[in-house]
Amino acid sequence: MSTPYLSDQELRRREELAQLKALGIDPYPAAKFEINCTTQKIHEGFSEGVAGFDTLSLAGRLTNKRIMGKASFAELEDSTGKIQLYFNRDEICPGEDKTHYNTVFKKLTSLGDIIGIKGHAFVTQTGEKSVFVKEFTMLCKVLRPIPFRTETDDKVYEVLTDTEQRYRMRYLDLIVHPEVREVFRKRTKMVQTMRDYLNGKGYLEVETPILQPIYGGATARPFKTHHNTLDMTLYLRIANELYLKRLIVGGFDGVYEFSKDFRNEGMSRFHNPEFTQVELYVAYKDYEWMMDLVEEMVEQVAIATNGTTEVQVGDHVINFKRPWKRITMYDSIKEFTGVDISAMDEATMRQACKELDVPVDDTMGRGKLIDEIFGEKVEPFLIQPTFITDYPVEMSPLAKKHRSKEGLVERFEGIFNGKEFCNSFSELNDPIDQRERFESQLELVKRGDAEAMILDEDFLRSLEYGMPPTAGLGIGIDRLAMIMTNQPSIQDVLFFPQMKPEKKVEIASAETFTALGVREELVQLLYKVGITTVEGLRDANPNKLHQDICSQNKKLKLGLKNPTKEEVTQWLANAATA
RNA sequence: GAUUCGGUAGCUCAGCUGGCAGAGCAUCUCCCUUUUAAGGAGAGGGUCCUGGGUUCGAACCCCAGCCGAGUCACCA
């Protein structure tokens, strides 16, 4: 494949690479480079006269270089931060041969290159902690320019601000934006805190199938795939609930799984096709017990990630300190709309929706209508952590009927910043009731609800063997991470969010064009004017193409013999028959 | 899907009422031994997203399209 599009800076770096090799320097050495310190440790531990910083060995990327004749200052960034380096020609090159400084460092090392250095810490005349370099080693020559951010005391010059490029080339985003690395460290810290908490309670971390013959445990459209050997349809899981419950049937008292789930639905700043949940099931407990657990665990997460229960999220400060507000769904709707819908039948409620300006359609049953009102009039306004409890039975086919309230189930959702982040019930363990709930879901499917649940016979069979009373919980890790790291979009807490495929520039080889009668030396001009494929040549306007090529030839001062108009026309004709 | 904004040098962006394509940083050459966005002198670098149209003349105006972002709607 030819590479006609290298920028001058890329060409320059490839030239540097070749020169390094010519000097006998391996730009990609195989040997390990022993590191005994980090930039952070120097900043934290070193000051004038402190011992233990005499034989440092550091590695990282060169992010700045200021050359002043025989001396230079540079900046090295490792995973913990940055430190200034001081290079002196005669220290780097004690003998007669000054090549390593004059050529290798000054000319063949560029910003972004990964280098290792050995030296000692000192403080410059201007008071900056720095490393006095005695030796340096090229560890990885970089072939593309890296747009490092430059900063002054009062201003930061941002780089790589195009969100598309940031998500597509997350590696580059992470290189140039240390604060993005910090977001993901916090996310991991968050998950570790939850795992430690659950392990501390003695619950078992488990793994269940991602490829499922029947998708269940939530209401969503799935991704569908096919297994060749078994010749069967499989689905990527939308939840793992029904498998974890089978494990409770099997005799474990508490199981949990951090699971990637997949839903084939729209994308937005709150939705990615694959996302992470932690699901937890604990035997002999109920949903009220689970509320206590969620409060405690999330409070710990807030402290672990932010050092306090109060977390800045956009314009709000959200306080995760226990206890959180608890209110029933009906009461919350009454509180926000003044309408008591608890006793309404489906028709009355449809009318109430109209009066409240809540959009509805005919496929919606009573449960879905309530959900619509709630989602429209209540949820967005719940900023501080709140538990909404006691949902209508129609929208919760896996939850146990309420112990005292007719028509409701023992379910709660945790909500903050106007968004649901967790969902929990006293799990339905009555196999006959469960069968009936699945069947009424099938009714919804007939009414056109594409997301209603389908019936899982094996799951029902497991319930018939007996599941103890169980409290279940699902927490959306991505949304929790968005809150804990104050990020506006789910894409900001996923390393590699789903993107549209990148538009690929197809490039036909030079031989392809010479075969169509293009003189070899003119191919570069074809590339230059944007003709990179046979199709592109075929569809070109011959007059424009002829002019473009001639003007490029002149502009680039190539001194090539311009093609005649007839020549160009002939290319197009050849391309059309190719 | 609806709607708003955007696409100009490697990066960040300016470009007025249509009149030679610009700045800072980065890159290259030269000077400089503790600098602080180091400095000084010089140089290279462009499909102004694409295709039409209007015009003596288009980065700019008009039409169509492509790509992206934000907001809204359905789903966690």
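**Aromatic pairs, RNA contacts and a three-stranded sheet**

Phe336 lies in helix 10. The model in which this residue is placed is a predicted one, and the values reported below are computed from its atoms. The C-alpha atoms of Phe336 and Glu439, which are 103 residues apart along the chain, are separated by 34 Å.

Aromatic contacts are considered next, the structure holding 21 aromatic pairs. In one of these, formed by Tyr86 and Phe122, the ring centres are 6.0 Å apart and the planes meet at 65°, an angle over 60 degrees, so the pair is classed as edge-to-face. Because Tyr86 belongs to strand 3 (residues 81-88) and Phe122 to strand 4 (residues 114-123), the pair ties together parts that are 36 residues apart in sequence. Tyr86 has a relative accessibility of 16% and therefore counts as buried, the limit being under 20%. A stacked arrangement is found for Phe336 and Phe381, whose ring centres are 6.2 Å apart and whose planes are at 20°. This pair likewise links distant parts of the chain, since Phe336 is in helix 10 (residues 329-337) whereas Phe381 is in the loop between helix 12 (366-377) and strand 17 (386-392), 45 residues apart. With respect to solvent accessibility, Phe336 counts as partly exposed at 35% relative accessibility, while Phe381 is exposed, its relative accessible area being 52%.

Beyond these individual pairs, Phe320, Trp324, Phe387, Phe412, Phe416 and Phe421 form one aromatic cluster. Aromatic rings also take part in contacts with charged side chains: the charged end of Lys65 is positioned over the ring of Phe105, at 5.2 Å from its centre, and Arg246 lies over the face of Tyr243, 4.5 Å from the ring centre.

The surroundings of RNA strand B comprise 51 residues, of which the closest are Gln84, Gln125, Thr126, Glu265 and Arg479. By residue class, the surface near RNA strand B divides into 13 nonpolar, 17 polar and 21 charged residues. On the side of the nucleic acid, 49% of the atoms of RNA strand B within 4 Å of the protein belong to sugar or phosphate, and the rest belong to bases. Contacts to phosphate, sugar and base can each be illustrated by a residue. An N or O atom in the side chain of Arg66 is 2.8 Å from a phosphate oxygen of RNA strand B, a polar side-chain atom of Gln125 lies 2.4 Å from a sugar or linking oxygen, and a polar side-chain atom of Glu128 lies 2.8 Å from a base nitrogen. Two or more residues are given to the surface near RNA strand B by each of helix 1 (8-22), strand 1 (56-68), strand 2 (71-78), strand 3, helix 5 (163-168) and helix 12.

Turning to the strands, an open sheet of 3 strands is present in the order 9-11-10, with antiparallel pairing. Strand 9 (211-212) and strand 10 (224-227) stand at its edges, and because each has a single partner strand, one side of each is left without a neighbour in the sheet. In general, strands of a sheet pair through backbone hydrogen bonds, in either a parallel or an antiparallel manner. Here strand 10 and strand 11 (residues 232-236), which run antiparallel, are joined by 4 bridges, and the bridge partner of His227 in strand 11 is Met232.

Notes. Residues numbered from 1 in each chain as written. Chains lettered and ligands numbered in written order. Predicted model: local features only at pLDDT ≥ 70, side-chain atom pairs only at ≥ 80, totals over all residues. Heavy atoms only, no water. Phe/Tyr/Trp six-rings, centres within 6.5 Å; stacked < 30°, edge-to-face > 60°. Buried < 20%, exposed > 50% of the residue type's maximum accessible area, 1.4 Å probe, protein only. Lys NZ or Arg CZ within 6 Å of the ring centre and 35° of its normal. Near = heavy atom within 4 Å. Polar contact = N/O pair within 3.5 Å; in protein donor to acceptor, adjacent residues only side chain to side chain. Nonpolar A, V, L, I, M, F, W, Y, C, P; charged D, E, K, R; others polar. Pairing = 2+ DSSP bridges.
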